Amino acid sequence: MTSRQRKPLIAVVDDDALIRRSLNRLLWARGYDATTYASGYEFLHTIESTPALDLHCVVLDIQMPGLDGLEVQRRLRLLRPDLSIVFLSSRYVPRVREAALRAGALGYFTKPLYDDMDEFVRVIDAVVKVAEWDEDE
């Protein structure tokens, strides 16, 4: 944890309320705080209106009404290029996965996370550790 002894904050952006609740609980159990958003628009609005929001990472759904995850990623890169993104998708689509990773995502996981839960948590832990290290510089 940083010298301020606060919990790392992870944003979860997914149109499925059950996924948001589940990830919120998982992250809380791992010692993180989570803030959840039901749409890419809602999340980007918060980022634009609260520039001091100290996020460590974003867990972002690919398929959402309105703005899809790749478009949110593109816009987020303009607003907060330092913010790490880990994608979730209900379907594995190789070209979408490659586009997300090529644009800088640090992970791409398929829902439900049953088989990939440990790897998902390892990626989140690594992203937070790097973000905290960067903050301490």
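1. In this predicted model, a polar contact of 2.8 Å joins the side chains of Lys 111 and Asp 14. The side chain of Lys 111 also takes part in a polar contact of 3.2 Å with that of Asp 61. Two acidic partners of Lys 111 are thus named here, Asp 14 and Asp 61.

2. The position of Lys 111 is in the loop that runs between strand E5 (107-110) and helix H5 (117-136). Although it belongs to a loop, Lys 111 counts as buried, because its relative accessibility is 16% and the cut-off for buried is under 20%. Setting aside neighbours within four places in sequence, the residues in contact with Lys 111 are Asp 14, Ile 19, Asp 61, Leu 88, Ser 89 and Ser 90.

3. The peptide bond that leads from Lys 111 to Pro 112 deserves a reader's attention: it is cis, with omega near -10 degrees. Most peptide bonds are trans. Pro 112, like Lys 111, is placed in the loop between E5 and H5.

4. Lys 111 and Pro 112 both appear in the lining of the largest pocket. The volume of this pocket is about 220 Å³. Its lining also includes Leu 113, Tyr 114 and Met 117, together with Leu 88. The remaining lining residues are Leu 18, Ile 19, Ser 22, Leu 23 and Leu 26.

5. Which helix gives the largest share of the lining of the largest pocket? Helix H1 (residues 17-29) does, with five residues. By class, the lining of the largest pocket consists of nine nonpolar residues, one polar residue and one charged residue. The charged class takes in Asp, Glu, Lys and Arg, and Lys 111 is among the lining residues.

6. A further residue to inspect is Gln 63, in the loop between strand E3 (57-61) and helix H3 (69-79). Is Gln 63 buried, partly exposed or exposed? Gln 63 counts as partly exposed, because its relative accessibility is 37%, and this class lies between the limits of 20% and 50%.

7. The side chains of Gln 63 and Ser 90 are joined by a polar contact of 3.3 Å. When residues up to four places away in sequence are not counted, Gln 63 touches Asp 15, Ser 90 and Arg 91. Ser 90 is also one of the residues in contact with Lys 111. The C-alpha atoms of Gln 63 and Arg 20 are separated by 14 Å, and these two residues are 43 residues apart along the chain.

8. Thr 46 belongs to helix H2 (residues 40-49). With 18% relative accessibility, Thr 46 counts as buried. Outside the range of four places in sequence, Thr 46 touches Tyr 37 and Leu 53.

9. As for the chain as a whole, its secondary structure comes to five helices and five strands. Along the sequence, these follow the pattern β-α-β-α-β-α-β-α-β-α. The radius of gyration of the chain is 14 Å, close to the 14 Å from the globule rule for 137 residues, so the chain is as compact as a globular protein of that length.

10. Taken along the principal axes, the C-alpha atoms of the chain fill a box of roughly 40 × 35 × 25 Å. Of the 137 residues, 42% count as buried. Among contacts in the chain with a separation of 6 or more, 64% are accounted for by residues 24 or more positions apart.

Key:
Residues are numbered from 1 along each chain as its sequence is written. This is a predicted model: local features need pLDDT of at least 70, side-chain atom pairs count only at pLDDT 80 or more; totals for chains, interfaces and linings use all residues. Side-chain values use heavy atoms; hydrogens and water are left out. On a 1 Å grid over the protein atoms alone, a cavity is a set of points where a 1.4 Å probe fits but cannot get out, and a pocket is an open set with protein on both sides within 12 Å along at least five of seven lines; lining residues have an atom within 4 Å of a point. Grid points are joined across faces, edges and corners, and a volume is the space filled by probe spheres set on the points. Helices (H or I, at least four residues) and strands (E, at least two) are DSSP runs, numbered from the N terminus. Buried means under 20% relative accessible area, exposed over 50%, partly exposed in between (1.4 Å probe, protein chains only). Contact means heavy atoms within 4.5 Å. A polar contact is a pair of N or O atoms within 3.5 Å; within protein, one must be able to donate a hydrogen and the other to accept it, and residues adjacent in sequence count only if both atoms are side-chain atoms. The radius of gyration is taken over C-alpha atoms; the globule rule is 2.2 Å times the number of residues to the power 0.38.
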